[in-house]
Amino acid sequence: MHPKDPKLVNQLPEGQWSTGLYDCCNDPSNCLFTCFCPCVTFARIAEVIDGGNLSCNIQGLVYYAMCHIASGWLYGGIYRSKLRRHYSLPEASCSDSLIHCCCRACALTQEYTELKIRGWKANVEKWNPEGLEPPIVAPGMAR
């Protein structure tokens, strides 16, 4: 079953993580990407959690700057807390910020996977009940 399959999204219970904190190697490409580019993974997570209020680029730059003044773990912890509150997910035995401080790659991979499994569309509908339409791409446009 594909992670974005609506049947799977409906089966995910509120109040449980779909993966464990140390299950980051279950998605090796995401884990490896997060190890080398945590700013990009964080930016994608933050854009969804904030409902698109701040662009992915801005979120990534803020996280990058916070990491360079040794406080990226605090910013990451804030967004982990927002994600947990949104889905009523349980808190670990330590704080969200401490998880980001000690296991940044694992935390970001888990959060990204959670949003990916629950689906972008489901997240947009929860944050924006009046609906958000995806952009329309003119036919014939290619990369």
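**Figure 1. Surroundings of Phe33 in helix 2 of the predicted model.** Once neighbours within four places in sequence are set aside, Phe33 is in contact with Pro38, Val40, Thr41 and Arg44. The residue itself belongs to helix 2, and its relative accessibility of 32% places Phe33 among the partly exposed residues, since it falls between the 20% limit for buried and the 50% limit for exposed. A second residue to locate in this view is Thr109, which is separated from Phe33 by 76 residues in sequence, although the two C-alpha atoms are 9.3 Å apart in space.

**Figure 2. The crossing of helix 3 with helix 7.** Helix 3, covering residues 38–49, and helix 7, covering residues 104–118, have axes that come within 10 Å of each other and cross at roughly 40 degrees. Because angles from 35 to 65 degrees are neither roughly parallel nor roughly perpendicular, the two helices are described as oblique to each other. The handedness of this crossing is left-handed. On the side of helix 3 the contact is formed by Pro38, Thr41, Phe42, Arg44, Ile45, Val48 and Ile49, and on the side of helix 7 by Arg104, Leu108, Glu111, Tyr112 and Leu115. Sorted by residue class, the participants in this contact comprise eight nonpolar residues, one polar residue and three charged residues. An α-helix has 3.6 residues a turn, so residues three or four places apart point the same way.

**Figure 3. Helix 7 along its length, and the residue that follows.** With 15 residues at 1.5 Å a residue, helix 7 should span 21 Å, and the end C-alpha atoms are indeed 21 Å apart, so the expected and modelled values agree. Helix 7 is mostly covered, with eleven of its 15 residues buried. The buried residues are Cys106, Ala107, Leu108, Thr109, Gln110, Glu111, Thr113, Glu114, Leu115, Ile117 and Arg118. Just after the helix, Gly119 adopts a positive phi of about 90 degrees.

**Figure 4. Thr19 in the loop between helix 1 and helix 2.** The loop that holds Thr19 connects helix 1, residues 6–11, to helix 2, residues 28–36. Is Thr19 buried or exposed? Its relative accessible area is 17%, which is under the 20% limit, and Thr19 is therefore buried. When residues up to four places away in sequence are not counted, Thr19 touches Gln110, Thr113, Glu114 and Ile117, and these four residues also appear among the buried residues of helix 7.

**Figure 5. Gln59 of helix 4 and its contacts.** Gln59 is placed in helix 4, which runs over residues 56–68, and with a relative accessibility of 0% it counts as buried. Apart from neighbours within four places in sequence, the residues in contact with Gln59 are Phe42, Ala43, Ala46, Glu47, Asp50, Leu54, Tyr75 and Tyr79. Of these, Tyr75 and Tyr79 are included in the buried set of helix 5, while Phe42 also takes part in the contact of helix 3 with helix 7.

**Figure 6. Helix 5 and the positive-phi residues Ala70 and Ser88.** Helix 5, residues 72–87, contains 16 residues and reaches 23 Å from its first C-alpha to its last, a value close to the 22 Å expected at 1.5 Å a residue. Its buried residues are Gly72, Tyr75, Gly76, Gly77, Tyr79, Arg80, Ser81, Leu83, Arg84 and Tyr87. Ala70 lies in the loop between helix 4 and helix 5 and has a positive phi of about 60 degrees although it is not a glycine; with a relative accessible area of 58%, Ala70 is exposed. Just after helix 5 comes Ser88, whose phi is positive at about 55 degrees, again in a residue other than glycine. Ser88 belongs to the loop between helix 5 and helix 6, the latter covering residues 96–102, and at 47% relative accessibility Ser88 counts as partly exposed.

**Figure 7. The chain as a whole, for orientation among the close-up views.** The chain contains eight helices and zero strands, and its pattern along the sequence reads α-α-α-α-α-α-α-α. Of its 143 residues, 38% count as buried. Among contacts between residues at least 6 apart in sequence, 68% join residues at least 24 apart.

Terms used:
Residues are numbered from 1 along each chain as its sequence is written. This is a predicted model: local features need pLDDT of at least 70, side-chain atom pairs count only at pLDDT 80 or more; totals for chains, interfaces and linings use all residues. Side-chain values use heavy atoms; hydrogens and water are left out. Axes are lines fitted to C-alpha atoms, for helices over the stretch in contact, and angles run from 0 to 180 degrees between N-to-C directions. Angles under 35 degrees count as roughly parallel, over 145 as roughly antiparallel, 65 to 115 as roughly perpendicular and the rest as oblique. A crossing is left-handed if the near helix is turned anticlockwise from the far one by less than a right angle, and right-handed if clockwise. Contact means heavy atoms within 4.5 Å. Ala, Val, Leu, Ile, Met, Phe, Trp, Tyr, Cys and Pro count as nonpolar, Asp, Glu, Lys and Arg as charged, and the others, Gly among them, as polar. The expected span of a helix is 1.5 Å times one less than its number of residues. Buried means under 20% relative accessible area, exposed over 50%, partly exposed in between (1.4 Å probe, protein chains only).
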